[in-house]
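Please open the model in your viewer and keep the sequence panel at hand. The tour proceeds by selections, each followed by a description of what is found there.

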Amino acid sequence: DAVDASLLSDLSADLLGLEVESWSLAVSPEFCKQHDRRTVKRQDVIYELIQTELHHIQTLTVMSEVFRRGMVEELQLDWDCVARIFPCLDSLLLFHRNFFGALQERRQAGTQPNNPQNYFINQIGDVLLQQFSDENAETMKEVYGEFCSHHMEAVNVFKELLQQNKKLQNFVKQQSNNSLVRRRGLPEFILLVTQRITKYPLLLERMLQYTQEGCQEHFDLSCSLAQIRDIITAVDLTVDKYEKCQELQEVLARLENKSTAKLKNGKVFRKQDLHSKHRDLQHKGLVYWKTATGRLKDTLALLLTDVLVFLQEKDQRFIFAAVDQKPPVIPLQKLIVREVANEERGMFLISASAVGPEMYEVHTTSKDERNSWMRHIRQAVESCPEEEEEEDKCAETEEARRTAEARALKIAKFQEALLGHDQQICNTLEEKLQLYAELTDLTLSSPEPVAHRHLLVPPDSDSEIPPQATSLLTAALREGERRRRVVWTSARSTDRNNLQLNSNYYSVKHRAKLGFSPSAAENLMNILQSRDGLSGQSQSSPVGGPVGCSYNSHGSSIQESPSEREPQKFIPLCFSILVAESVQSLTQLLYSLQAAITLQDSCHEVQKFLLQEGEKPQLRTLASLQMNQEQEKQRSAEKKKEEMDDEVQKLHVKLKQEQQRWDRECVAREKQQSEHESLLEEREQRCLLEAERLRCEREQLESQLLEYQLNVDRLREGQRSVELEKERVEAQQR
């Protein structure tokens, strides 16, 4: 009661000065008589606008502070359920309070200083134009679109709650005695809110009727009227779209989940395809699908954004229609609608799709319904998006591109992993080769440091050409042949040296007599000098033997150190070093050959996979993949740029066409205005002539009136003389 009393006092304060029915009764009679009838009528309409706006705020306030607050605070109902009954109520209340405040400010500005009761609103069009345009217009479209769309839903939710909740029944019964509610139910309040937006055009039209044309006020009122009509149209579209969405959801709720339809292109159309966001219901109704045998089957037709779907009812559920093995889903692209000859209720649906044409014969219950269906289908065909096949191709191309990119990235990862493992194998072989070299040096006790051994085929991850193993295999064979020659020469030299030791170092002549060739050492020198690894050594030390050891031209050894060494130890040591180096070189070549074969195997596997996938074996490394991706991005950017250029060109063409159309309209309007001016001039001339004729006639009538008055005077004089003569005669007779 305290809340109602406070609310009643607030509403009564706002109602101060708006209790009477019209402006002419609100102001003093003396002030009202100062204005003409047209001005008074205009002020009455403005007064009615302000008064009805206040009544609308009162309606919204009662819904908010009486019903909604009582349901939430007293009855403890669920807030979501209450919000469904009062959608966007706070936004509506705030919007109309701001509008009423602007009207009240304009009213206060027109108050007379000598008498606050009297006020005159000279200009109201700017306030209305501001209220019904720009951001306020978008707000009205949004809030009224949502409220009006959920009108029936709110009423149904309230009725269901009213039937189920006895506390709510008692609350509604109690509030019906409230002076603010005045025995009106909540559905009536909701209906009043939905009807308010339709009252503005009527009030503005009446204002325009009593506003002088050509002034700024008339222009503002005209613009305001156009704006509020656009708002109402947008709200109607929102309501219609929501209702059709609800209808489509009701149909989909009854559609079997397993029901499918096979299209002409082989694709399968399912229930989930009807849930697509870009598909909205345009029209729905019962039609009759004529079969090849002439029978008419009852079907429910759903005209969506891009398809026309036929459903059949089976066991109170819907399934996709199956008639003559024709697809029950017809794409609207290239769909032609024709009337059936000699049949006012029938129409042909001809699908001229590229996958194969198809024709359907559909009948309705009346001619008007047939015409309505044809109109809706043609409008849907005109506004249908791009051709489905092209979209499918684009989608397939995009999907194929994504799949190729994913596969290429996966191949690059595999290839990178293979290169990593190949690197590990090469490093292991190189370490093994170095260990062999150190072991050999340790065995021979060579005074020289061991040179680091490298593979002849280092793995290069950036190289796209695999290493060739042919040269390595040839070098290994050559090294094996050299090793055989060294071993053979070593055996001959060992026999010869043993013979020299037994002869106590004979002279050269004695050695020649024994039949030993003096060029044995020279042959050994030639073999050593012909090796790849020893070609860069100096002539003084042709063989990598111990320090202080060299050969003369006859093959005999010469000790450079002052200490004497035993000849039977020196020559086997040199040949052991030579054999060890030959083994190490051969091992290096064989390990390099193994590394090359490993790298070739990796490249071969990648090539094999790419060839099996039907692609060119271009992609071998991650660098090439990244380069291809960069090229793809560049092509995509160029394509987008071309599309933007085309769009800009289209906009330029459209702008030029609009400018030409506007020029034509301006010329036509100028011509129409000149014709109108000429008509006005002719009418003015006729009016002048008519005025002149009327003046002449008036003068004639005035002269006739004067003559008539003279005749009347003469008649009276004659009558008076006759009466006198009569009296005289009567007197004589007496």
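Select residues 501–571 and colour them by pLDDT, the predictor's confidence in each residue, from 0 to 100. Here pLDDT stays under 50, although the model has 82 contacts (heavy atoms within 4.5 Å) beyond four places in sequence for this stretch. Residues 614–622 also have a pLDDT below 50, with 25 contacts beyond near neighbours in sequence. This is a predicted model, in which local features need pLDDT of at least 70 and side-chain atom pairs count only at pLDDT 80 or more, while totals for chains, interfaces and linings use all residues. Residues are numbered from 1 along each chain as its sequence is written, and side-chain values use heavy atoms, with hydrogens and water left out.

Next, colour the whole protein chain in the same way. Its pLDDT averages 77, and 73% of the residues score at least 70. Confidence is lowest in strand β11 (residues 549–551), at a mean of 36, and highest in helix α12 (residues 199–209), at 93. Helices (H or I, at least four residues) and strands (E, at least two) are DSSP runs, numbered from the N terminus.

Now select Met71. Which residues touch the most other members of the largest nonpolar core? They are Met71 and Ile228, in a core of 72 residues. Such a core is a set of buried Ala, Val, Leu, Ile, Met, Phe, Trp, Tyr and Cys residues joined through side-chain atoms within 4.5 Å; buried means under 20% relative accessible area, exposed over 50%, and partly exposed in between (1.4 Å probe, protein chains only). Helix α4 (residues 37–74) supplies the largest share of this core, 14 residues. Beyond four places in sequence, the contacts of Met71 include Phe86, Phe158 and Leu186. Another core, of 21 residues, lies apart, with Ala301, Leu303, Leu335 and Ala380 among them.

Move on to strands β5 (residues 307–314) and β6, which run antiparallel and are joined by 4 bridges; two strands pair if DSSP finds at least two bridges between them. Lys314 stands opposite Arg317 in β6. The hairpin has 2 residues between the strands, and Asp315 takes a positive phi near 55°. In β6 (residues 317–320), Phe318 and Phe320 form the covered face, and Arg317 and Ile319 the uncovered one. In a regular strand the side chains alternate between the two faces of the sheet.

Finally, select residues 238–265. Their end C-alpha atoms lie 35 Å apart, and the span is 61% helix and 7% strand.
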